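This briefing covers disulfides, nonpolar cores, strand pairing and two buried loop residues. Please read it with the structure open.

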Amino acid sequence: QVQLVESGGDLVQPGGSLRLSCAASGFTFNRYGVGWFRQAPGKEREGVSCVSSTGRNTYYADSVKGRFTISRDNDKNTVYLQMNSLKPEDTAVYYCATDRTVMSCTTILDGRLTYWGQGTQVTVSS
């Protein structure tokens, strides 16, 4: 079965950094792109970033561009989200997600995906 497990969320002060990890299993990891999403209480889910199957192409929401970096290590079946210069508005539960269908990162970030992790809480507060 497909499984995605996020880790790395924490409480951090504004301006701080975190690195989130998404460990994947149960499918051919290097065939598919992976997206990171977040959802804060009372807000709709937001597509944050996406990396293509090879890692060649990446996409970022305007709200995180220049601060977050997505990457993947296909040998480890893991996708990472490096988050720098964190702001209180980055506070949310962060999810990684994918599907067993080849699709572009722009399509992935629409969020209509089958497989989701359980989420990891990121709290940015002083």
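A disulfide is here a pair of cysteine sulfur atoms within 2.5 Å. The model is predicted, and it holds two disulfides. With -85 degrees about the S-S bond, the link of Cys50 and Cys105 is left-handed. The torsion about the S-S bond of Cys22 and Cys96 is about 75 degrees, so that disulfide is right-handed.

**Disulfides**

- Cys22 is joined to Cys96, with an S to S distance of 2.0 Å. Cys22 belongs to strand 3 (residues 18-25) and Cys96 to strand 9 (residues 92-98), so this disulfide ties together parts that are 74 residues apart in sequence.
- Cys22 and Cys96 are both buried.
- In the disulfide of Cys50 and Cys105, the sulfur atoms are 2.1 Å apart. Cys50 lies in strand 5 (residues 46-51) and Cys105 in helix 1 (residues 105-108), so the pair ties together parts that are 55 residues apart in sequence.
- Cys50 is buried, at a relative accessible area of 0%. Cys105 is buried as well, at 6%.
- When the bonded cysteines are numbered in sequence order, the pairing reads 1-3, 2-4.

**Nonpolar cores**

- The largest nonpolar core has 28 residues, and the members that touch the most other members are Trp36, Phe68, Val79, Leu81, Met83 and Tyr94.
- Two or more residues of this core come from each of strand 3, strand 4 (34-39), strand 5, strand 7 (68-73), strand 8 (78-83), strand 9 and strand 11 (120-124). Strand 3 gives the most, with four residues.
- Leaving aside residues up to four places away in sequence, Tyr94 touches Glu6, Leu20, Trp36, Phe37, Arg38, Val48, Phe68, Leu81, Met83, Gly119, Thr120 and Val122.
- A second, separate core has six residues, among them Phe37, Cys50, Cys105 and Leu113. Cys50 and Cys105 are thus members of this core and also form a disulfide with each other.
- In soluble globular proteins, nonpolar side chains tend to be buried together.

**The open sheet of four strands**

- Which order do the strands of the open sheet take? The order is 1-3-8-7, with antiparallel pairing.
- Strand 1 (3-7) and strand 7 are the edge strands, each pairing on one side only. From one strand to the next, the twist averages 15 degrees.
- Strand 3 and strand 8 run antiparallel and are joined by six bridges. Leu20 has Leu81 of strand 8 as its bridge partner. Leu20 and Leu81 are both among the residues that Tyr94 touches.

**Hairpins on either side of strand 5**

- Strand 4 pairs with strand 5 in the antiparallel sense, over five bridges. Arg38 has Glu46 of strand 5 as its bridge partner.
- The hairpin of strand 4 and strand 5 has six residues between the strands, and Gly42 in this hairpin takes a positive phi near 80 degrees.
- Strand 5 also pairs with strand 6 (residues 58-60), again in the antiparallel sense, over three bridges. Ser49 stands opposite Tyr60 of strand 6.
- The hairpin of strand 5 and strand 6 has six residues between the strands, and here Gly55 takes a positive phi near 85 degrees.

**Two buried loop residues**

- Ser53 is part of the loop between strand 5 and strand 6. Is Ser53 buried or exposed? Ser53 has a relative accessible area of 19%, so it counts as buried, since buried means under 20%.
- The contacts of Ser53 are Asn30, Arg31, Tyr32, Gly33, Arg72 and Asn74, not counting residues up to four places away in sequence.
- Arg67 is in the loop between strand 6 and strand 7. Arg67 counts as buried because its relative accessibility is 10%, and the cut-off for buried is under 20%.
- A polar atom of the Arg67 side chain lies 3.0 Å from the backbone oxygen of Ser85.
- Ser85 is also one of the residues that Arg67 touches. The others are Gln82, Met83, Asn84, Leu86, Lys87 and Asp90, not counting residues up to four places away in sequence. Met83 also appears among the contacts of Tyr94.

Note on methods: Residues numbered from 1 in each chain as written. Predicted model: local features only at pLDDT ≥ 70, side-chain atom pairs only at ≥ 80, totals over all residues. Heavy atoms only, no water. Buried < 20%, exposed > 50% of the residue type's maximum accessible area, 1.4 Å probe, protein only. Core = buried A, V, L, I, M, F, W, Y, C linked by side-chain atoms within 4.5 Å. Contact = heavy atoms within 4.5 Å. Pairing = 2+ DSSP bridges. Polar contact = N/O pair within 3.5 Å; in protein donor to acceptor, adjacent residues only side chain to side chain. Axes fitted to C-alpha atoms, helices over the stretch in contact; angles between N-to-C directions.
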